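Reader: I have a structure to look at and would like to go through it with you step by step. Could you please show it to me?

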Amino acid sequence: MFESRLQTPLGEVRLRSDGESLTGLWFVGQVNDAKNHSDIEIKDDLSIFVQVENWLERYFSGEKTPITIPLNPKGTNFQQRVWQMLQEIPYGETMTYGEIAQRIAKEKGVANYSAQAVGQAVGKNPISILIPCHRVLGKDGALTGYAGGIHRKEELLRIERGK
């Protein structure tokens, strides 16, 4: 595994890669921030890290930029499905945990599904910003539950809405 750090307008982020795809992007110090391990090699010039840095520069400048970076988050099948749904939320738009739970219930052919379970999966998202968990809101549109801090969630939504 490879790691790099870079500075963004919202603070320093830690990037992780398997060498081919991005496996993690966390704000340093956030809840669930990946800690250093002995099997991590620091490699700032890795191609995937350069791609992420370029993408983040465009994103933070307000440019709506499609994600063409290969992503490989590790998680359960349920978490993977939730993270895939997060990537389907259009730039600048939001959904609630309950709306995502309703979509999963429909897929599974059941009457309802737990918004809390969805919230737990969203909270374990290992690739912030690129897998846009910041686009998920609580009931009635409340800004809740962002591992990088609500102030960052608010700012990411502001950037995407052009305000």
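Author: Let us begin with a term: a residue is buried when its relative accessible area is under 20%, exposed when that area is over 50%, and partly exposed in between, using a 1.4 Å probe and protein chains only. Helices (H or I, at least four residues) and strands (E, at least two) are DSSP runs, numbered from the N terminus. With these terms, strand 3 (residues 22-27) is mostly covered, as six of its six residues are buried.

Reader: What kind of model is this, and how are residues numbered?

Author: This is a predicted model, in which local features need pLDDT of at least 70, side-chain atom pairs count only at pLDDT 80 or more, and totals for chains, interfaces and linings use all residues. Residues are numbered from 1 along each chain as its sequence is written, and side-chain values use heavy atoms, with hydrogens and water left out.

Reader: How many helices and strands are there in the chain?

Author: The chain has five helices and six strands. Along the sequence they follow the pattern β-β-β-β-α-α-β-α-α-β-α.

Reader: What radius of gyration does the chain have?

Author: The chain has 16 Å, which agrees with the value near 15 Å for a compact globule with 163 residues. This radius is taken over C-alpha atoms, and the globule rule is 2.2 Å times the number of residues to the power 0.38. Along its principal axes, the C-alpha trace spans about 50 × 35 × 25 Å.

Reader: And what share of the residues is buried?

Author: Buried residues make up 46% of the 163 residues in the chain.

Reader: Let us turn to the strands. Which strand pairs with strand 1 in the antiparallel sense?

Author: Strand 2 (residues 11-17) does, over seven bridges. Two strands count as a pair if DSSP finds at least two bridges between them. Strand 1 and strand 2 form a hairpin with two residues between them, and Glu12 in strand 2 is the bridge partner of Gln7.

Reader: Which strand pairs with strand 1 in the parallel sense?

Author: That is strand 4 (residues 41-42), joined to strand 1 by two bridges. There, Phe2 stands opposite Glu41 of strand 4.

Reader: Why is strand 1 described as largely enclosed?

Author: Five of the seven residues of strand 1 (residues 2-8) are buried, so the rest of the structure largely encloses this strand.

Reader: How many bridges join strand 2 to strand 3?

Author: Five bridges join them, and the two strands run antiparallel. Leu15 stands opposite Leu25 in strand 3. The hairpin of strand 2 and strand 3 has four residues between the strands, and Gly19 takes a positive phi near 105° in this hairpin.

Reader: Now a helix, please. Which residues of helix 2 are buried?

Author: In helix 2 (residues 77-87), the buried residues are Gln79, Val82, Trp83, Met85 and Leu86. Seen down the helix axis, they fall within an arc of 155°, so they line one face of helix 2. The arc is that of the directions from the helix axis to the C-beta atoms. As general background, an α-helix has 3.6 residues a turn, so residues three or four places apart point the same way.

Reader: What covers those buried residues?

Author: The cover includes helix 3 (97-108), helix 4 (115-123) and strand 6 (136-137). Contact here means heavy atoms within 4.5 Å.

Reader: A change of topic: how many salt bridges are there?

Author: The count comes to eight salt bridges, where a salt bridge is a side-chain nitrogen of Lys or Arg within 4 Å of a carboxyl oxygen of Asp or Glu. One of them joins Arg5 and Glu12, with the closest N and O atoms 3.4 Å apart. Arg5 is partly exposed at 35% relative accessibility, and Glu12 is partly exposed at 30%.

Reader: What is the salt-bridge partner of Glu107?

Author: Its partner is Arg81, and the closest N and O atoms of Glu107 and Arg81 are 2.4 Å apart. Glu107 lies in helix 3 and Arg81 in helix 2, so the pair ties together parts that are 26 residues apart in sequence. Glu107 is partly exposed at 48% relative accessibility, and Arg81 is partly exposed at 21%.

Reader: Which residues do shared salt-bridge partners join into one network?

Author: Glu3, Arg14 and Arg16 are joined into one network in that way.
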